[in-house]
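Q: I have a model open and do not know how to read it. Can you take me through a few features?

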Amino acid sequence: MSSVLVIGAGPAGLAAAVAARDAGARVTLLDSGDGLGGQYWRHLPPQRPSRREARLHHGWSAFERLQGRVRGDDGIEVLTEAQVWAIETAAAARSAGGPAIAARVLIGPSDAAGRESRRLTADAVVLAPGAHDRTLPFPGWHLPGVFSAGAAQALAKGERIAVGRKAVVAGAGPFLLPVAQSLTSAGTDVIGVYEASRLPTLARGWLPHPQRLLRTAHKGLELAGYAAHHLARRVPYRLGRAVVEARGDGRVEEVVTARLDADWAPIPGTERTVAVDAVCVSHGFTPRLELPIAAGCAIGPDRFVLVDADQRTSVGGVYAAGEITGIGGVDAALVEGRIAGRRAAGGEAPRADLRLRRATTDLARRIETAHGIRSGWTSWLRGDTVVCRCEEVPYGRLRAAAAATEQTALRSLKLTTRAGLGICQARMCGRTVEELTGADPSRSATDTSDRRPLAAPIRLGDLAELATPPNGDSA
Amino acid sequence: MRADVVVIGAGIIGAACARALAREGRRVVVVDRGAPASATTARGEGNLLVSDKAPGPELDLALEAAAQWPLLAAELAAELGDAFPPIEYERKGGIVVALTEAGAGPLRAFARSQAAAGVEARDLTAAEALALEPDLNPALTAAVHYPQDAQVQPVIAAEALLASARRAGARVLTDAAVVGAFRDATGRVTGVRTDSTRIDADAVVVAAGPWSGAVAAALGADVPVRPRRGTVLVTARMRQRVFHKVYDGDYFGATQSADAALQTSSVVESTPGGTVLIGSSRQQIGFDDRLDVAVLAQVAQKALRLFPFLETVPVIRSYGGFRPYMPDHLPVVGEDHRHPGLWYATGHEGAGIGLAGVTGALLSAQLTGAEPALGSVIDPGPFQLSRPSLAPHLEVP
């Protein structure tokens with residue numbers, strides 16, 4: 001029987017695990033979170049179940065079905081709180097047979113002492129680590145009360161915590177609507193949702209070839225559901241407007257919004273001030289590329305993992321599914337996961353899935369066309385706007401260093417300014433720093449903020465213990 | 001394009017050479033196949049050390065460098081002004097520690113030999129060592145304090161040297177790979193061809209670090225530089241608890257060994273950014289840059305011997321780089337005796353950051369015939385490619 005290791009238990013990883021099992025493989029499914037479902041199906045822990053999950057989550061029944069399968073099958077080992085901190089591709093990893101990579105994993109609550117260390121290999125690996133929020137900086141975004149939309153949604157979905165009494169949601173992309181819905185469900189009064197893209201841009205992304213959009217009917221229905229939700233609650237959804245500043249004494253008390261031109265530059269004279277105690281911002285998603293890069297997978301010019309129609313990466317035995325192959329939402333993740341899982345286990349992918357995948361790829365392209373970040377946003381920055389929050393590097397210092405050194409390469413600029421060197425290792429600011437300094441990551445595969453050989457922090461003591469051979473085990 | 005000197009490589013060595021030559025009035029063009037200060041320069045710790053060097057020509061160079069760095073740092077700061085980030089030069093001193101009975105005697109003997117060669121080296125009692133480094137493992141068996149050891153932020157230092165070179169007239173061409181040499185009828189090197197242009201010059205300086213061998217080959221010559229990989233761990237920011245560069249006594253053995261297998265010894269220090277840097281391993285595995293957990297684990301284990309409190313500290317990053325390794329452990333700074341017009345400034349292994357300034361001065365003095373602008377004159381003899389210890393390693397002696 002073949003073995004498949006699936007990294008990430010969001011929609012793509014869950015679908016991959018079940019599909020691989022259905023094709024006859026022994027499966028190990030792991031996730032760094034304490035439950036299954038990933039960010040999309042984040043929910044209350046099992047000790048505190050809620051009957052409201054089904055109303056809070058789209059496709060909750062799909063999640064329950066997948067979770068039931070992976071939890072109830074002896075052929076699927078499920079590891080939660082399992083953090084992959086390194087992918088090895090050295091000769092040592094190959095000796096066990098199977099693909100030329102091994103995952104080094106720490107199991108246990110993050111930051112805790114004495115996490116269990118494991119080294120996992122398998123005949124095939126499916127990478128489905130997902131994406132994290134991309135948030136563009138703006139003056140005041142460091143104030144308490146400003147949340148990435150993903151964090152706000154995680155609090156609302158996972159903890160039922162309202163981020164504030166009165167909030168605005170701003171940024172770009174279809175994610176704004178579910179975030180606003182999560183907030184209102186948690187009891188926050190959402191007084192506005194601001195989409196940066198203007199109507200013509202949105203139309204360019206969403207209108208052409210509507211028949212293709214129908215093939216991803218789930219997503220259409222989901223968006224229609226959000227729209228109905230907002231109409232019912234009378235939440236204004238404004239196009240071509242952004243939060244360009246947050247103000248307050250020690251925490252957010254008000255935000256300034258402004259109309260944007262087609263390039264996302266604020267139009268002077270259109271500013272409006274709104275009193276709120278929370279702001280949730282999302283400008284899209286950044287794929288988590290450290291694991292595929294560490295595994296040696298080729299990355300495309302659009303900075304997603306390159307896969308073929310079978311979700312195969314450039315590395316033999318390594319498959320990729322979900323947001324690391326393109327930001328396409330839950331339907332794309334599910335179908336890609338099914339294909340990857342089937343193929344990783346040596347099976348054939350159903351033709352219907354292959355057709356559906358073409359449609360979801362179309363959807364990802366539409367999202368990028370309609371909501372992709374435009375360069376004009378940088379004009380709402382000020383010299384003292386902090387760009388890298390971990391190391392507190394302001395925009396002005398970054399620009400001054402780039403000018404003084406005449407440097408465009410990211411590595412040097414990071415080391416001269418410390419931007420991106422902090423605890424988040426440029427997960428939050430990397431793409432922004434690249435954009436602000438004119439760095440061109442396409443110039444060199446290594447001059448990118450996506451590369452993190454150490455994929456997660458590890459205590460020095462835990463690392464030192466590996467100097468003696470670990471309990472080598474295979475998935 | 002016409003220049004007096006083409007410098008190949010915009011790392012810290014190339015930058016220092018370009019600066020020294022430009023300040024002597026030479027028209028300098030620096031060519032790099034990528035971006036400045038982004039390869040070996042960006043992958044080390046920024047060590048300016050005398051403590052790890054045995055008496056001999058490299059120690060003489062390091063002592064001169066230790067004397068020059070404060071002057072160089074002041075010059076650069078005055079020239080480049082507040083708009084330029086500070087190079088973080090700090091003469092923080094080093095403490096070498098032995099943790100075994102067997103290691104204590106050789107460490108003290110080594111320090112005595114260095115002291116005889118002019119190094120400031122002072123034996124510390126355990127109590128003195130713990131007064132300087134309160135969190136050091138109290139089980140130490142010997143400790144030596146080297147106040148001349150210093151630290152610099154290597155990328156900022158290289159960028160500063162390069163900016164200073166530009167102000168003296170040097171041009172910097174990035175993303176331009178050198179693919180061949182031009183020579184006159186006598187065989188003298190008279191310029192280089194890049195993938196996009198031709199540069200005529202009176203002299204060509206190879207300062208391409210571990211890639212110097214490949215560059216020399218493209219120019220029709222050979223230099224026995226090989227890559228040696230080093231790996232460094234970086235912790236999360238924390239309250240400062242390490243105050244010097246602290247090494248275990250094995251460090252000397254690792255730098256001086258030709259054994260290709262993995263060698264690790266600990267170098268632990270704090271940075272102005274609040275992180276702790278932990279090095280360092282040395283491996284001859286070609287240009288293989290893949291992460292190897294066994295190497296990281298060994299580096300971590302040795303660091304914990306020095307500073308047990310680090311056990312609970314999270315490591316947030318590891319970086320590795322290739323150092324230019326010479327078979328006889330001495331850099332090459334001088335003209336190729338077989339190829340007139342072709343010069344080298346390379347092969348410093350892990351000491352290139354510290355030796356950059358003196359290397360630039362030493363190269364410039366030989367190439368221009370001028371007295372070095374800073375410090376005293378170093379005998380260039382031991383650093384020539386024609387030295388006997390390199391003869392077995394040259395394709396054409």
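**Reading strands and a chain**

A: In strand β7(A), A:Val125 is the bridge partner of A:Leu5. Keep in mind that this is a predicted model.

Q: Which strand is joined to β7(A) by four bridges?
A: Look for bridges that link one strand to another. Here, strand β1 (residues 3–7) of chain A has four bridges to β7(A), and the two run parallel.

Q: What stands opposite A:Val125 in β18(A)?
A: A:Val318 does. Strand β18 covers residues 318–320 of chain A. Three bridges join β18(A) to β7(A), and this pair runs parallel.

Q: Which way do the residues of β7 in chain A point, and are they buried or exposed?
A: Check each side of the strand. A:Ala124 and A:Val126 point one way, while A:Val125 and A:Leu127 point the other way. All four are buried, meaning under 20% relative accessible area.

Q: Now chain B. How many helices and strands are there in chain B?
A: Chain B has nine helices and 19 strands.

Q: Why does the radius of gyration of chain B agree with a compact globule?
A: Compare the value with the one expected for the chain length. A compact globule of 397 residues would have a radius near 21 Å, and chain B has 21 Å, so the two agree. Its C-alpha atoms fill a box of roughly 65 × 50 × 40 Å along the principal axes.

Q: What share of chain B counts as buried?
A: Of its 397 residues, 62% are buried.

Q: How many charged side chains does chain B have?
A: Count each sign. Chain B has 35 positive and 42 negative side chains. The centres of the two sets lie 3 Å apart.

Note on methods
Residues are numbered from 1 along each chain as its sequence is written. Chains are lettered from A and ligands numbered from 1 in the order in which they are written. This is a predicted model: local features need pLDDT of at least 70, side-chain atom pairs count only at pLDDT 80 or more; totals for chains, interfaces and linings use all residues. Side-chain values use heavy atoms; hydrogens and water are left out. The radius of gyration is taken over C-alpha atoms; the globule rule is 2.2 Å times the number of residues to the power 0.38. Buried means under 20% relative accessible area, exposed over 50%, partly exposed in between (1.4 Å probe, protein chains only). Lys and Arg count as positive and Asp and Glu as negative; His and the chain ends are not counted. The place of a charge is taken as NZ of Lys, CZ of Arg, CG of Asp or CD of Glu. Two strands pair if DSSP finds at least two bridges between them.
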